[in-house]
Amino acid sequence: MLNANASSFCPPPTHVADWALTEFGHAELGDDRRTERLLMIATAFAQQPTAPIPQACGPGPATQGAYRFFENDDIDPETIREAHQEATLQRVSQVPIVLALQDTSTLNYSTHPETQGLGPIGTRQQNILGLLLHSTLAVTPSGQPLGLLHTAVRARDPKAAGAARQRHRKPTAEKETQKWLDSLSACQQVAAQCPQTLLVNITDREGDCYDLFAQGQAAPADARAHLLVRSKHNRRLAGTDARLWDQVARRRAAGRLQVRVGRRGQQPARLATLAIRFCPVTLQAPTRRAGQPPLQLWAIEAREQRPPPGVTPIVWHLLTTLPITSLAEACEKVGWYAQRWQIEVIHKVLKSGCQIEQRQLETAQRLERALAVDQVVAWRLLALCKAGREQPDAAVSAWLEQAEWEALWCQVHQRPTPPRTPPTVRQAVRWIAQLGGFLARKGDGEPGPITLWRGLHRLHDLTAMWRLCQHTKGMKQ
């Protein structure tokens, strides 16, 4: 088994401008001046992730240049994404196991009804307009985000609303189901370029479709891209009338696994004990795929035992193309699936932190160009947040430039002179989060991305003042 802890992952460059160059410097936009403008926009967005475009870019020519960039129809949003995906590929190649988490989020632009190119994202009665964003985020098994491997943005056809009854008659390529297959295709392409890396494409229940498994199963035996999907359907086992999860539930538990469940609403965090069952299965193709080959997969059931009163027990039904031959391997896959929530977190950061739904641009194509930048800024925020937990004792100089951590230290300690040695990542992340409202009480745990992005906004202003004071001090000496 590959050692998932043997990662040589390196954090993004310290200076924000250098980070922007790493992620977007190779963008092929047809003109070097466009690439330079993209770097300026990415730097400004990263420094003030919650700010609207005029506030982030500053008054005058910088803001005007940003709007001209987003309005330029000669710039394909995909070329912006490809630059970051190339940088992500380099990070992925350094890690033995990478989890590719895919999911869809809706972007609500109903407050901007004049924006052209939007489509319905709710029911006909709700009359909500927006875009569908499907992202594939690469993370290490311990949860450190590496970047985005694939992104698809689309607007539903308003004329197709209400045609759900006809969707089963369409080929997969014409249905929204295709997004799951496109994500797997992207992972298969990345795996071919990273022969030392195992990529595991992970989806929630919505991704449980025959065509996705068929594509994964059709790959060569030595393929380095696999699937791990939470099952939605209790499929029929091939050659029998028995149902998949009914049969798995009858098996004796192979062992138990404890997982930490985060706080949900009024329910406090808890340690849940899951009974683990697993076995190889052969699943019959669905009726609409009659004549197609059966699926050769491995099934895992993780069922919580003795949940607290009033709490719905955890039940995860997982299907994978990876062989499961031991309890340790089954528990490993359950742990990998537990990282799936991070794709939801990055979508939350994108909407609440980067305020992508508040961008006021006249067309969906212009919004998509801004989204291509905001997505990478959201990844950087999440990566810094996770680094405080995964690399707590590392020096924060790998994430913040000297002026930033010096200004942060002086603000927190209310002293005019910073130390020579930078603080650790965990210390700095908690201090930044405190600027954003994190209370840092004994029972508060580690800060999340919400307080972190608020704190980074304040840190930008503190750093600007710190540089000014240091410059003035130098002139007087």
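Here are a few questions and answers about this predicted model.

Reader: How are residues numbered, and what do the values rest on?
Author: Residues count from 1 along each chain as its sequence is written, and side-chain values use heavy atoms, leaving out hydrogens and water. As the model is predicted, local features need pLDDT of at least 70 and side-chain atom pairs count only at pLDDT 80 or more, while totals for chains, interfaces and linings use all residues.

Reader: Which helix gives the most to the largest nonpolar core?
Author: A nonpolar core is a set of buried Ala, Val, Leu, Ile, Met, Phe, Trp, Tyr and Cys residues joined through side-chain atoms within 4.5 Å; buried means under 20% relative accessible area and exposed over 50%, with partly exposed in between (1.4 Å probe, protein chains only). The largest core has 102 residues, and W19, F45, I80, I276, V334 and W336 touch the most other members. Helices are DSSP runs (H or I, at least four residues), numbered from the N terminus. With 16 residues, the top contributor to this core is helix α11 (residues 364–390).

Reader: Why do the buried residues of α4 lie on the same side?
Author: In helix α4 (residues 61–71), the buried residues are T63, G65, A66, F69 and F70. They share one side of α4 because the directions from the helix axis to their C-beta atoms cover an arc of only 160 degrees.

Reader: Which residues are exposed on the other side of α4?
Author: The buried residues of α4 are covered by elements including α2 (32–47) and α5 (77–92). Across the helix, the exposed residues are P61 and R68.

Key
Helix = DSSP H or I, 4+ residues; strand = E, 2+ residues; numbered from the N terminus. Contact = heavy atoms within 4.5 Å.
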